[in-house]
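Below are some notes for a colleague who has not yet looked at this entry. They take the domains, then the ligand, then part of the strand pairing and the chain as a whole.

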Amino acid sequence: MKRVAVVGGGITGLAACLRLLSSDANVQILLYEASDRLGGRVQTIREPDLGITVEAGPDSMLARKPAAMRLIESLGMAEDVVSTRPEATETYIVRDGGLCPMPKGYLGIPFDPSCVRPPLLTEAGLARALEEERLPLDLPEDDAALGAFLRARLGDEWVNYVGEPLMAGIYAGDIDQLSLMATWPLLLDLIRNHGSLVAASRALMAPSSRRQPGSSRSAFITVRGGLSSVIERMVDRIERSGRVEIRIGARVGAVTRRGAAYRFHIDTASGERFEEDVDGVVFAIPPQVAREIMSSVIDLPDVETHYQSTATIVLVYARTAFGPDLARASGFLVPRPEGMAITATTWMSSKWPHVAPESLAVIRAYVGRRHQDEALALSDDELARRAAEEVGRLTGAREHPVWLRVTRFSEAMPNYGLGHLARVERAEAALRASCPAMAIAGAGYRGVGLPDCVEQGERAADQVLAAIRA
Ligand SMILES: Cc1cc2nc3c(=O)[nH]c(=O)nc-3n(C[C@H](O)[C@H](O)[C@H](O)COP(=O)(O)OP(=O)(O)OC[C@H]3O[C@@H](n4cnc5c(N)ncnc54)[C@H](O)[C@@H]3O)c2cc1C
C-alpha cells in the first residue's frame, strides 16, 4: 500500500485528504497539523449562552465558484446552506470621519454622476473616474500592479477611497503592491467585454443583468452551524474512513530523500521527534514554509509571498444600541487616509439570519493591513477598546458592547505581489520535473478564497496520485 502525507490541516489539506480517500482505496494517508486544531483559518465562535454563531475567520464562500457548493453537497450539507439577508444591501465607506454609501455601480465603479453622493468623492474625483469610459483599451500584456492599473484608469481619488479599501481589503494588502493578474484578472475581462470599467459597471447594474434566474442563493453563502461545521464534517469523513492517521500538534520540519520515497522529520508539541517514510506529499502550507521543508530535496523557485497579520474583533451589542438603518447595512470600509485602527467592519447579524437572536446586533471589525498594522501591537483589551470606540463613533451606537472577542491571525493573508503567477508556475514546473510525487497547494498560491483552496487541495491530491501510480 502506498503512503501519502498531507502537511497542513487547513481547508486545503482537508480537501486533499478527502480527494485522496475518494480516488484510491490503496493509499494510506498521514495528515500532519502543527497547531492543536484542524481547520486553519476557519474558526467559528459559538456562544450558546448568548445564542451567537459568528465567524472569527472567513465569513462566507463565493457561491459562483463551483468548488464551494460541490464540497457542501458532497458532505450532505446542502440543506444547511444560508444566504445573506436580501435587505442587507448597503455598504458604507468612511470619509472625513463619517459613513458614506458606497457608489452605486459594480465594484463601486460609478457609471454616471448620480452614483456617488458627496462627500465620498469630490466633483473632480468623480469626473476623473467617469472619464475612464473614454480611455483607450491599452491593457497590460504582462502583470501590472493593481494600484497603478486602476489609478491610470479611474484616478487616484477613486482608488484611495473606493478601490483600495474594497479590492486590496480582501487581502489586507497595499493596492500598489498587489498583482493585477493574481488578484483581479476579472477587471481585464470586464474591459475586454465592455470597452471600459465604467461601461461594464453600467451594463452589470442594469436590472436585466442583476436578476439571477433559477438561483435562490445569494452571491456569498455559508452554513447554519458556521464554517467550522464544514470542517467538522470533513474531519468526521476522514476519521470514519479508517485510512487516515491524523497527527495534531505535529510540525513537519524537513523532508529528505529515501530512495524513491521521502522521509519526513516531525516535531511534536510535547517535544518528541519522529520520522515517517511516504511515497507522495501534498504541502498545504504557506509557500515559504514548504520551500524550507523541502530544501534538502529540491531548491524550489521562491514564490515570495508576503503574509500580512490581521485580527478580527467580534462586538456584540443589544439591538437597541442602533437605529433601524442597521438592518440594511452589510458593513463599512475604512480607507487608509482616515488613519483609523479598524480597516473595515461586517455587520454580521444584519447580513446573516443565523448569527444572533433578534435582541442582539453583532458587528465584526478587522484590524491590520500592509503598512498600516500598528494597532496589532496593542494588547487584546486595548485593541477591543479601540475597535469598540471607533465603531461606536462611526455608527452612533447608543450603548457599549455587551460581549467582545479578539482573534489574532498571525501572518495570515497572502499578498500576491507583481509576477506572482509566473513564480507559482516556475515552482510547480520545478516540482513536476524533479519531484512529481510532491505537490503544493493553498492560499499562498492560486487564490485565497475557500473554494479556491478546496480546488487546489483536490488538484494537488490528483497530481500526487497520478505520480505514485505511474
Ligand atoms: C480574517 C480572515 C477572513 C477571511 N475571510 C474569508 C472569507 O470570507 N471567504 C473566503 O473564502 N476566504 C476568507 N479568508 C481566506 C481563507 O480563510 C484562507 O485563505 C483559507 O482558509 C486558507 O486555507 P489553507 O488551508 O490554505 O491555509 P490555512 O488555513 O492557513 O492552513 C494551513 C495549516 O497548516 C499548518 N501548518 C503550517 N506549517 C506547518 C508545518 N510545518 N507542519 C504541519 N502543519 C503546518 C497551520 O497550522 C495551518 O493549520 C479569510 C482569512 C482571514 C484570516
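1. In this predicted model, the centres of domain 1 and domain 2, taken over C-alpha atoms, are separated by 37 Å. Domain 1 is made of three stretches, 2–40 + 229–305 + 417–469. Domain 2 covers 90–210, and domain 3 covers 307–415.

2. Domain 1 and domain 2 do touch: six residues of domain 1 are in contact with seven residues of domain 2. On the domain 1 side of this contact there are three nonpolar and three polar residues, and no charged ones.

3. Where does the ligand lie with respect to domain 1 and domain 3? The shell around the ligand takes residues from both domain 1 (2–40 + 229–305 + 417–469) and domain 3 (307–415), so the ligand lies between them.

4. There are 35 residues around the ligand. Those that come nearest are G8, G10, G40, P58 and G442. By class, the shell is made up of 18 nonpolar, 13 polar and four charged residues.

5. Several helices and strands each supply at least two residues of the shell around the ligand. The helices are α1 (11–23) and α15 (450–469). The strands are β2 (27–33), β11 (250–258), β15 (306–318) and β19 (403–415).

6. Two of these elements, α1 and β2, also belong to a right-handed β-α-β unit, together with β1. Strand β1 (residues 2–7) runs parallel to β2, and six bridges join the two. One point of reference for the reader is K2, whose bridge partner in β2 is V27.

7. Which other strand pairs with β1 in the parallel sense? Strand β14 (residues 280–283) does, over four bridges. Here V7 can serve as the landmark: the bridge partner of V7 in β14 is F283. Strand β1 is thus paired in the parallel sense with β2 and with β14.

8. For the chain as a whole, the count is 15 helices and 20 strands. The radius of gyration of the protein chain is 23 Å, close to the 23 Å that the globule rule gives for 470 residues, so the chain is as compact as a globular protein of that length. Along its principal axes, the C-alpha trace spans about 70 × 55 × 45 Å.

Technical notes. Residues numbered from 1 in each chain as written. Predicted model: local features only at pLDDT ≥ 70, side-chain atom pairs only at ≥ 80, totals over all residues. Near = placed C-beta within 6 Å. Nonpolar A, V, L, I, M, F, W, Y, C, P; charged D, E, K, R; others polar. Domains from an automatic or database assignment. Contact = placed C-beta atoms within 7 Å. Pairing = 2+ DSSP bridges. Right-handed = clockwise from strand over helix to strand, strands pointing away. Rg over C-alpha atoms; globule rule 2.2 N^0.38 Å.
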